[in-house]
Amino acid sequence: VQLQASGGGLVQAGGSLRLSCSASKRAFNQYAMGWFRQAPGKEREFAASISRSGGGNTFYADAVKGRFTVSRDNAKNTVYLQMNSLKPEDTAIYYCAAQYARTPFYTPSLAQDYGYWGQGTLVTVSS
């Protein structure tokens with residue numbers, strides 16, 4: 001699976017951005033998808049994940065819960081991360097990741113559980 005993330009940029013605190021991640025795999029609907037981020041000088045951390053079927057089967061890190069929304073469009077082989085009420089501490093490179101899901105509700109949150117990664121897109125939130 002090849003993943004291509006896009007949508008990053010510079011935004012003021014309190015603003016919004018929507019990230020997109022396009023996948024090359026035709027069986028995209030068999031993969032759980034996740035978003036991770038890595039701030040300068042810090043380790044990569046989990047942000048959000050969504051099951052292969054989407055819908056309400058999502059999982060969020062406490063740091064983004066209530067502000068970020070992950071969704072997917074299986075017809076377009078694309079997963080999204082809508083980011084609202086952005087804070088300077090959200091500044092990071094955001095990566096999308098994919099993992100084959102044997103069950104429809106699988107929403108992994110550990111980086112080690114994902115087998116495929118995109119190249120990342122930079123989000124900078126100014127204060």
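This report describes the nonpolar core, the disulfide and the charged side chains of a predicted model.

## The nonpolar core

In soluble globular proteins, nonpolar side chains tend to be buried together. In this model, the largest nonpolar core contains 33 residues. The residues with the most contacts inside this core are Met33, Trp35, Val70, Val79, Leu81, Met83 and Tyr94.

Several strands contribute to the core. At least two core residues come from each of the strands S1 (3-6), S3 (17-23), S4 (31-38), S5 (45-50), S7 (68-73), S8 (78-83), S9 (92-100) and S11 (121-126). Strand S9 provides the largest share of the core, with 5 residues.

## The disulfide

A disulfide is a covalent bond between the sulfur atoms of two cysteines. The whole structure contains 1 disulfide. It is formed by Cys21 and Cys96, whose sulfur atoms lie 2.1 Å apart. Because Cys21 belongs to strand S3 and Cys96 to strand S9, the pair ties together parts that are 75 residues apart in sequence.

The torsion about the S-S bond of Cys21 and Cys96 is about 60 degrees, and the disulfide is therefore right-handed. Are these two cysteines buried or exposed? Cys21 has a relative accessibility of 0%, so Cys21 counts as buried. Cys96 also has a relative accessibility of 0%, so Cys96 counts as buried.

## A network of salt bridges

Side chains of opposite charge can pair when their charged atoms come close. The structure holds 4 salt bridges. Which residues are linked in a network of salt bridges? The members of the network are Arg37, Glu45, Arg67 and Asp90.

Within this network, Arg37 forms a salt bridge with Glu45, and the closest N and O atoms of the pair are 2.7 Å apart. Arg37 also forms a salt bridge with Asp90, with the closest N and O atoms at 2.8 Å. Because Arg37 lies in strand S4 and Asp90 in the loop between S8 and S9, this second pair ties together parts that are 53 residues apart in sequence.

Asp90 forms a salt bridge with Arg67 as well, and here the closest N and O atoms are 2.7 Å apart. This pair links distant parts of the chain, 23 residues apart: Arg67 is in the loop between strand S6 (58-60) and S7, whereas Asp90 is in the loop between S8 and S9.

The members of the network can also be described by their accessibility. Arg37 counts as buried because its relative accessibility is 6%. Arg67 and Asp90 are both buried. Glu45, with a relative accessible area of 37%, is partly exposed.

## Arg72, a buried charge without a salt bridge

Arg72 is located in strand S7. Arg72 is buried, yet it has no salt bridge. How far away is the nearest side chain of opposite charge? That side chain belongs to Asp73 and is 8.3 Å away. A salt bridge requires a nitrogen and a carboxyl oxygen within 4 Å, so Asp73 does not form one with Arg72.

Arg72 nevertheless has polar partners. The side chain of Arg72 reaches the backbone oxygen of Tyr31 at 2.8 Å. In addition, the side chains of Arg72 and Asn74 are joined by a polar contact of 2.7 Å.

Technical notes: Residues are numbered from 1 along each chain as its sequence is written. This is a predicted model: local features need pLDDT of at least 70, side-chain atom pairs count only at pLDDT 80 or more; totals for chains, interfaces and linings use all residues. Side-chain values use heavy atoms; hydrogens and water are left out. A nonpolar core is a set of buried Ala, Val, Leu, Ile, Met, Phe, Trp, Tyr and Cys residues joined through side-chain atoms within 4.5 Å. Buried means under 20% relative accessible area, exposed over 50%, partly exposed in between (1.4 Å probe, protein chains only). Helices (H or I, at least four residues) and strands (E, at least two) are DSSP runs, numbered from the N terminus. Lys and Arg count as positive and Asp and Glu as negative; His and the chain ends are not counted. A polar contact is a pair of N or O atoms within 3.5 Å; within protein, one must be able to donate a hydrogen and the other to accept it, and residues adjacent in sequence count only if both atoms are side-chain atoms. A disulfide is a pair of cysteine sulfur atoms within 2.5 Å.
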